[in-house]
Amino acid sequence: LNKENIDYSALEWFRVPMATGEPHVAGPYVDYLCSDEYTITVASPVFLDGEFVGVAGLDLLIDQVERDLLPRLRGFGDDLS
């Protein structure tokens with residue numbers, strides 16, 4: 001996969017905020033472009049003087065999200081490991 005020729009505007013995390021003007025969460029998916037790990041991307045459109053100029057995104061690795069959230073969720077039920 002040639003990372004230099006990727007059209008990011010075709011990817012969900014970019015395409016949806018660009019089309020809707022709203023933040024979006026893409027995934028979970030395997031990030032074959034970077035980490036090769038299960039990932040979610042939180043993305044938000046960026047506007048300058050009311051004009052769309054791009055998307056700001058943040059990748060979160062699912063295993064780290066799970067490690068951070070499970071201790072906080074344990075009080076909600078016995079089914080969480």
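At 81% relative accessibility, Asp49 counts as exposed. Asp49 sits in the loop between β2 and β3, the latter spanning residues 51–61. Phi of Asp49 is positive, at about 55°, although the residue is not a glycine. The model described here is predicted.

A second residue shows a positive phi. Asp36 is not a glycine either, and its phi is near 60°. Asp36 belongs to the loop between β1 and β2. The relative accessible area of Asp36 is 53%, so Asp36 is exposed. The cut-off for that class is over 50%.

The overall layout of the chain comes next. Two helices and three strands make up its secondary structure. Read from the N terminus, the order of elements is α-β-β-β-α. Helix α1 covers residues 12–20 and is followed by a loop that leads to β1. Strand β1 covers residues 24–30. Strand β2 runs over residues 38–48. Helix α2 takes in residues 62–73.

The chain has a radius of gyration of 16 Å, whereas a compact globule of 81 residues would have one near 12 Å. Along the principal axes, the C-alpha atoms fill a box of roughly 50 × 35 × 15 Å. Of the 81 residues in the chain, 16% are buried. Among contacts with a separation of 6 or more, 27% join residues 24 or more positions apart.

The surface was also examined. The chain exposes about 6100 Å². Carbon and sulfur atoms supply 56% of that area. The chain carries 5 positive and 15 negative charges. The mean positions of the two sets are 7 Å apart.

Thr39 belongs to strand β2. Its relative accessibility is 1%, and Thr39 therefore counts as buried. The side chain of Thr39 reaches the backbone oxygen of Glu37 at 2.8 Å. Beyond neighbours within four places in sequence, Thr39 is in contact with residues including Ala26, Gly27, Pro28, Tyr29 and Asp31. Asp59, Leu60, Leu61 and Ile62 are also among the contacts of Thr39.

Two of these partners share a cis bond. The peptide bond that joins Gly27 and Pro28 is cis, with omega at about 10°. Pro28 lies in strand β1.

Ile62, another partner of Thr39, is placed in helix α2. At 28% relative accessibility, Ile62 counts as partly exposed. With neighbours within four places in sequence set aside, Ile62 is in contact with Pro28, Tyr38, Thr39 and Ile40. Pro28 thus recurs, being listed for Thr39 and for Ile62. Ile62 and Pro45 are 17 residues apart along the chain. Their C-alpha atoms are separated by 23 Å.

Pro45 also pairs with Glu22. The two residues are 23 positions apart in sequence, and their C-alpha atoms are 6.4 Å apart in space. Glu22 is found in the loop between α1 and β1. Its relative accessibility is 48%, so Glu22 counts as partly exposed. Leaving aside neighbours within four places in sequence, Glu22 is in contact with Pro17 and Pro45.

Pro17 is likewise a contact of His24. His24 is located in strand β1. At 19% relative accessibility, His24 counts as buried. The limit for buried is under 20%. A polar contact of 2.7 Å links the side chain of His24 to the side chain of Glu12. Outside its neighbours within four places in sequence, His24 is in contact with Glu12, Val16, Pro17, Thr41, Val42 and Ala43.

Leu33 completes the set. This residue is found in the loop between β1 and β2, as is Asp36. Leu33 counts as buried, because its relative accessibility is 19%. Asp36, by contrast, is exposed. Leu33 and Ile6 are 27 residues apart in sequence. In space, the distance between their C-alpha atoms is 9.5 Å.

Definitions and conventions:
Residues are numbered from 1 along each chain as its sequence is written. This is a predicted model: local features need pLDDT of at least 70, side-chain atom pairs count only at pLDDT 80 or more; totals for chains, interfaces and linings use all residues. Side-chain values use heavy atoms; hydrogens and water are left out. Helices (H or I, at least four residues) and strands (E, at least two) are DSSP runs, numbered from the N terminus. Buried means under 20% relative accessible area, exposed over 50%, partly exposed in between (1.4 Å probe, protein chains only). A polar contact is a pair of N or O atoms within 3.5 Å; within protein, one must be able to donate a hydrogen and the other to accept it, and residues adjacent in sequence count only if both atoms are side-chain atoms. Contact means heavy atoms within 4.5 Å. The radius of gyration is taken over C-alpha atoms; the globule rule is 2.2 Å times the number of residues to the power 0.38. Accessible areas come from the Shrake-Rupley method with a 1.4 Å probe; for residues, only the protein chains shown count as cover. Lys and Arg count as positive and Asp and Glu as negative; His and the chain ends are not counted. The place of a charge is taken as NZ of Lys, CZ of Arg, CG of Asp or CD of Glu.
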